[in-house]
Amino acid sequence: MSELHIAATERTPEILLSANNGTFSMKGESFPEDVSAFYGQVIVAVDQLALNLTKPLTVDVAMIYINSSSIKAMFRIFEGLEAVRKNGQAVSITWHHQEDDDIMQELGEDFKDRFPDLPIEVNAA
Amino acid sequence: MSANSDDTLFDLYDREKRLLAEGPDLLKSSDENELRAFSERLFERFAKVVRENEDLTRHSDRQEQRLVKLNQNLKLQTRELDQRKTELENLSHQLSKYLPPQIHQALFEGKHDTQITTQRKKLTVFFSDIKNFTQTSESLQPEALTEYLNEYFSEMTQIALNYGATIDKYMGDAMMVFFGDPESHGVREDARACVEMALSMLERLRSLQKRWHSIGFENPFEIRIGINTGYCNVGNFGSEQRLSYTIIGGEVNLAQRLESNADVGGILMSYETFVHVEDLVVAEKRGAIRMKGIARDVQTYSITGRKTESSPSVFNFDHPAGVSIDLDPAVLDAEVRSALADKLSELASQLREP
């Protein structure tokens, strides 16, 4: 079963993924030196969920800043979440943003448009 | 599984690159089904890439806009800070005229404490006053008086600053400065700097007097100077609302008393100052003075000039026959010097007799 615990750094978000609990969260800033190296492990873990998750999945995304490469990685992660849903597990996603952060709010809305089959709720913190 | 088992080798564009790699061989195929399947996968991926690209470009533009806005705000803030800095510099420059420069500098460097605290320190205190200022001022037009007085204080202040004095205050036509706080070069050096400063002031005043006289100031200012070295209370006096950095104590009053007893155009100093400068100046011993708050009789000395090579200096003579003379004519008054000269002359005659 997929389990991932990555502590936040100045450049990378905290990642917590537990297939046992049916939870997945990404919180913090994201501008890693090597986006593929950092997000590769997350993409692999999310893709595995599509194969072995046995309960509904609750996803929380709370990014403060995210660079373009990280958004590309995020697309791949959401494609993985789409696969989880297609394989029969319920997925509910909450996209958190700070009250005055219209950039992160609009990015959440973009993801909502981009992945219409995923239930994404964009919420101000 | 879309990723390589080794995370570090994961490539975000692996799907697109895989299609690109398959392309050249597949396009050579004449199998229509194979070509159609490839075209569909290619189309699906292409559509995703276009949408991703749209989202990324939009996000990038938003970030750029925010950056531009931040940059504009930063420029505005920098302009405001520059303007504020200029205002503060001007204010500081204006304030510096009301404060001793050492205190002004220490305040701006955050080194000066504005608590009501004082300390006892051995300082050399200087007082000067213009002789008959009231009568002199009555004989001048107010504009002329202001001009001469400002010139006098400007010149004296510049000399004081050149010698590192702390300018305590101006009181009408009087000036009070001291050496030894907040910076000190030691009691002896402070006393010497003060006396050198006083001599320079008198020299400068003499040339000012000539110039003033030549332009119609009939009886130019003349001053008296008093100098004393002793323990004073120095620091911030006053209240939480208003402070004065100044000195108080009996030794300060003594300096003022010495000034009032000084010759016109002269410097009268206490013995406590004299001992530090006797090799620098020619001084005449004057009477002792008593003052309330000072337990001792204060011996005074009047400076008659700088000591040069030709000035009488301390005379030392030692002979194995048991003769030893240690004489400093500068500390003797005229009467004693004359009596001593007669006695030595008589002794010289006796010694020359066969």
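**Exercise 1. Strand pairing in chain A**

Task: In this predicted model, determine which residue of β2(A) stands opposite A:E3, and place the two strands in their sheet.

Solution.
Step 1. Opposite A:E3 stands A:S18 of β2(A).
Step 2. The strands β1(A) and β2(A) are joined by four bridges and run antiparallel.
Step 3. Both belong to an open sheet of six strands in chain A, ordered β1-β2-β3-β4-β5-β6, in which the pairing is mixed. Its edge strands are β1 and β6 (120-124) of chain A, each of which pairs on one side only.
Step 4. Direction ignored, neighbouring strands of this sheet are turned by 15° against each other on average.

**Exercise 2. A helix across the sheet**

Task: Compare the expected span of helix α1 (residues 35-52) of chain A with the distance between its end C-alpha atoms, and state where its buried residues pack.

Solution.
Step 1. The helix has 18 residues, and the expected span is 1.5 Å times one less than the number of residues. This gives 26 Å, and the end C-alpha atoms are 26 Å apart, so the two values agree.
Step 2. The helix α1(A) lies across β1, β2 and β4 of chain A and runs at about 155° to β1(A).
Step 3. Buried residues of α1(A) include A:F38, A:V42, A:A45, A:V46, A:L49 and A:A50. In an α-helix there are 3.6 residues a turn, so residues three or four places apart point the same way.
Step 4. The buried residues of α1(A) pack against β1 (3-6), β2 (14-18), β4 (57-66) and α2 (68-86) of chain A.

**Exercise 3. The central pairings of β4 in chain B**

Task: For strand β4 (residues 223-238) of chain B, find how it pairs with β5(B), with β1(B) and with β6(B).

Solution.
Step 1. Chain B contains nine helices and ten strands.
Step 2. Six bridges link β4(B) to strand β5 (residues 243-248) of chain B, and the two run antiparallel. The connection between them is a hairpin through four residues. Within this pair, B:N233 has B:I248 as its bridge partner, and B:G235 stands opposite B:T246.
Step 3. With strand β1 (residues 118-130) of chain B, β4(B) shares 13 bridges, again antiparallel. Here B:R120 has B:N233 as its bridge partner. B:N233 therefore has a partner in β5(B), B:I248, and is itself the partner of B:R120; strands of a sheet pair in this way through backbone hydrogen bonds, either parallel or antiparallel.
Step 4. Strand β6 (residues 267-270) of chain B is joined to β4(B) by three bridges and runs parallel to it. In this pair B:I227 stands opposite B:M269.

**Exercise 4. The nonpolar cores**

Task: Which residues touch the most other members of the largest nonpolar core, and which helix gives the most to it?

Solution.
Step 1. The core has 47 residues, and B:V125, B:F126, B:A198 and B:I227 touch the most other members.
Step 2. Helix α6 (residues 187-214) of chain B gives the most, with eight residues.
Step 3. Beyond its neighbours within four places in sequence, B:I227 is in contact with residues including B:F126, B:V195, B:A198, B:L258 and B:M269. In soluble globular proteins, nonpolar side chains tend to be buried together.
Step 4. A second, separate core has 35 residues, among them A:A45, A:A50, A:V84 and A:V91.

**Exercise 5. Burial and local features in chain B**

Task: Is B:N132 buried, partly exposed or exposed, and what marks its backbone?

Solution.
Step 1. B:N132 sits in the loop between β1 and α4 (133-138) of chain B.
Step 2. A residue is buried at 20 or more C-beta neighbours within 10 Å and exposed at 12 or fewer. Because B:N132 has 14, it counts as partly exposed.
Step 3. Phi of B:N132 is near 45°, which is a positive value in a residue other than glycine.
Step 4. A further local feature is the cis peptide bond between B:D181 and B:P182, with omega about 0°. B:P182 lies in the loop between β3 (174-179) and α6 of chain B.

**Exercise 6. The contact between the chains**

Task: How many residues of each chain take part in the contact between chains A and B?

Solution.
Step 1. From chain B, 18 residues are in contact with 19 residues of chain A.
Step 2. On the side of chain B, five are nonpolar, five polar and eight charged.

Conventions:
Residues numbered from 1 in each chain as written. Chains lettered and ligands numbered in written order. Predicted model: local features only at pLDDT ≥ 70, side-chain atom pairs only at ≥ 80, totals over all residues. Core = buried A, V, L, I, M, F, W, Y, C linked by C-beta atoms within 7 Å. Contact = placed C-beta atoms within 7 Å. Nonpolar A, V, L, I, M, F, W, Y, C, P; charged D, E, K, R; others polar. Pairing = 2+ DSSP bridges. Axes fitted to C-alpha atoms, helices over the stretch in contact; angles between N-to-C directions.
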